[in-house]
Amino acid sequence: MLLRTAWRRAAAALPAAQGPRPEAPTRGLRLRVVDRAPQSAVPSDTATAAEAETVLRPLYMDVQATTPLDPRVLDAMLPYLINYYGNPHSRTHAYGWESEAAMERARQQVASLIGADPREIIFTSGATESNNIAIKGVARFYRSRKKHLVTTQTEHKCVLDSCRSLESEGFQVTYLPVKKSGIIDLKELEAAIQPDTSLVSVMAVNNEIGVKQPIAEIGRICSSRKVYFHTDAAQAVGKIPLDVDDMKIDLMSISGHKIYGPKGVGAIYVRRRPRVRVEALQSGGGQERGMRSGTVPTPLVVGLGAACEVAQQEMEYDHKRISKLAERLTQKIMKGLPDVVMNGDPEHHYPGCINLSFAYVEGESLLMALKDVALSSGSACTSASLEPSYVLRAIGTDEDLAHSSIRFGIGRFTTEEEVDYTVEKCIHHVKRLREMSPLWEMVQDGIDLKSIKWTQH
Amino acid sequence: MAASSRAQVLDLYRAMLRESKHFSAYNYRTYAVRRIRDAFRENKNVKDPVEIQALVNKAKRDLEIIRRQVHIGQLYSTDKLIIETQEKPRT
């Protein structure tokens with residue numbers, strides 16, 4: 001007991017002794033920066049530091065970008081980062097054997113979540129690598145007879161980019177448009193499949209607007225036309241029920257850090273019956289059935305496996321809670337503000353990803369105003385450019401509404417208080433920004449903005 | 001070992017809640033407390049002693065996980081969230 005209090009005191013002193021906390025990049029993380037006097041020698045409990053030094057972190061509402069590690073996942077990973085550090089491909093000693101056993105256990109956990117056989121799971125560095133393997137690997141393997149691929153306009157950048165690079169290799173790709181709801185037209189898909197189509201790739205849940213594609217129907221169509229079906233399920237795995245046999249999925253990409261697992265790991269599901277052949281992208285010692293050479297990072301895959309197991313247990317509970325919170329957020333915002341549009345089909349929609357457009361308000365300014373909440377407009381990988389999201393363009397959103405979109409992410413750890421705070425701040429700042437907007441003034445006066453001639457010619 | 005009595009289950013419940021309140025991260029703390037309450041509530045009408053024992057064993061393992069992760073969280077704790085200063089009740 002005495003030992004524990006002494007340890008606690010020492011533990012509290014440790015961060016103080018190491019000097020000021022690691023400098024966070026000044027992008028709004030430090031909300032109330034007060035002059036940080038050099039830390040006193042007194043090991044004060046960090047939580048009760050002088051009132052003047054309050055630096056508060058924003059709420060995290062951007063779960064589509066990444067998710068925090070579930071404590072159960074970290075707990076599973078730590079032994080493999082501390083003592084069980086063997087290479088799982090070392091066959092000659094206990095360090096290798098225990099590491100391999102952990103890797104195979106993780107494989108079983110991932111497989112069980114999607115209804116697959118463990119031999120069909122290949123570990124990769126993430127969904128981007130899995131997508132590359134699926135698309136380039138399948139296309140290249142069957143290139144002698146099949147030269148065509150089908151995908152959609154709302155896919156993740158890595159899918160679109162892989163297709164683009166295949167086009168430069170001589171393949172043809174059809175990018176299916178989506179309806180206003182964000183869902184593809186199944187008739188168009190059927191029409192797009194040609195005799196020389198090797199692969200159809202459609203993501204299960206969109207990362208920007210949260211729309212759910214009709215995976216089971218697409219699987220049925222592809223299976224009847226003898227075309228391989230790949231789905232980028234990074235945002236869907238562990239959140240909605242997926243079964244590779246029921247949905248006739250041949251390849252699936254899984255991302256670790258979207259399901260409360262570690263970053264830098266993912267998996268690809270490659271069907272064995274009937275066998276899907278894939279040309280490996282990464283050459284080496286033939287690990288992972290030759291499809292992805294390289295030492296499998298045991299701590300990361302153990303984390304992925306644990307995340308999948310937790311997701312399987314918590315799926316129903318999380319889904320119910322997230323749906324309730326999403327309903328609360330959307331209802332409160334819609335009731336508190338006029339001229340708010342939800343992007344994406346309201347019915348075939350994963351509740352945890354809400355994309356709203358606030359008319360007459362610029363998206364970036366709203367994000368800057370909402371500095372206490374970590375949000376995004378569009379996806380993280382396209383946030384560097386000034387263009388509005390291509391996904392919003394694909395669903396036919398007006399240019400001005402596309403610029404005013406914000407994506408709210410609700411996850412396993414989001415609380416009702418966080419949702420209420422976000423709603424309150426959002427309503428407050430949208431109102432404030434609209435007050436300043438001449439466009440809003442014109443609309444209030446009854447002028448139809450579409451009728452205005454902005455230029456002379 | 002005798003089948004878990006009502007008292008044992010309640011002790012476990014209280015211990016888990018007590019430990020969970022020490023998570024330094026707001027999101028982990030609120031999740032743990034909420035999840036434990038909901039899980040015990042959901043299973044309160046289970047009658048099969050084998051099933052009860054399995055649930056109790058899982059809860060004991062989870063309690064150990066919570067203990068370790070609370071420790072680690074405190075070692076690496078950081079600033080509070082913006083809403084933590086507004087209301088103190090640790091829900």
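Here are some short exercises on a predicted model, each with a worked solution.

Residues count from 1 along each chain as its sequence is written, and chains are lettered from A. Local features need pLDDT of at least 70 and side-chain atom pairs count only at pLDDT 80 or more, with heavy atoms used for side-chain values.

**Exercise 1.** Work out which helix gives the largest share of the largest nonpolar core.

*Solution.* Start with the term: a nonpolar core is a set of buried Ala, Val, Leu, Ile, Met, Phe, Trp, Tyr and Cys residues joined through side-chain atoms within 4.5 Å, where buried means under 20% relative accessible area (1.4 Å probe, protein chains only). Next, the core itself: it has 93 residues, and V200(A) and F408(A) are among those touching the most other members. Then the helix: α8 (residues 298-336) of chain A supplies eleven residues, the largest share. Helices here are DSSP runs of H or I, at least four residues, and strands are runs of E, at least two.

**Exercise 2.** Find the edge strands of the seven-stranded sheet in chain A.

*Solution.* First, write down the order, β2-β8-β7-β6-β5-β3-β4, an open sheet with mixed pairing. Two strands pair if DSSP finds at least two bridges between them. Now look at the ends: β2 (121-124) and β4 (172-176) of chain A each pair on one side only, which makes them the edges.

**Exercise 3.** Say how β5 and β6 of chain A pair, and what stands opposite V200(A).

*Solution.* Take β5 (residues 197-201) and β6 (residues 228-232) of chain A: they run parallel, over three bridges. Then step to V200(A), which faces F229(A) in β6(A).

Technical notes. Buried < 20%, exposed > 50% of the residue type's maximum accessible area, 1.4 Å probe, protein only.
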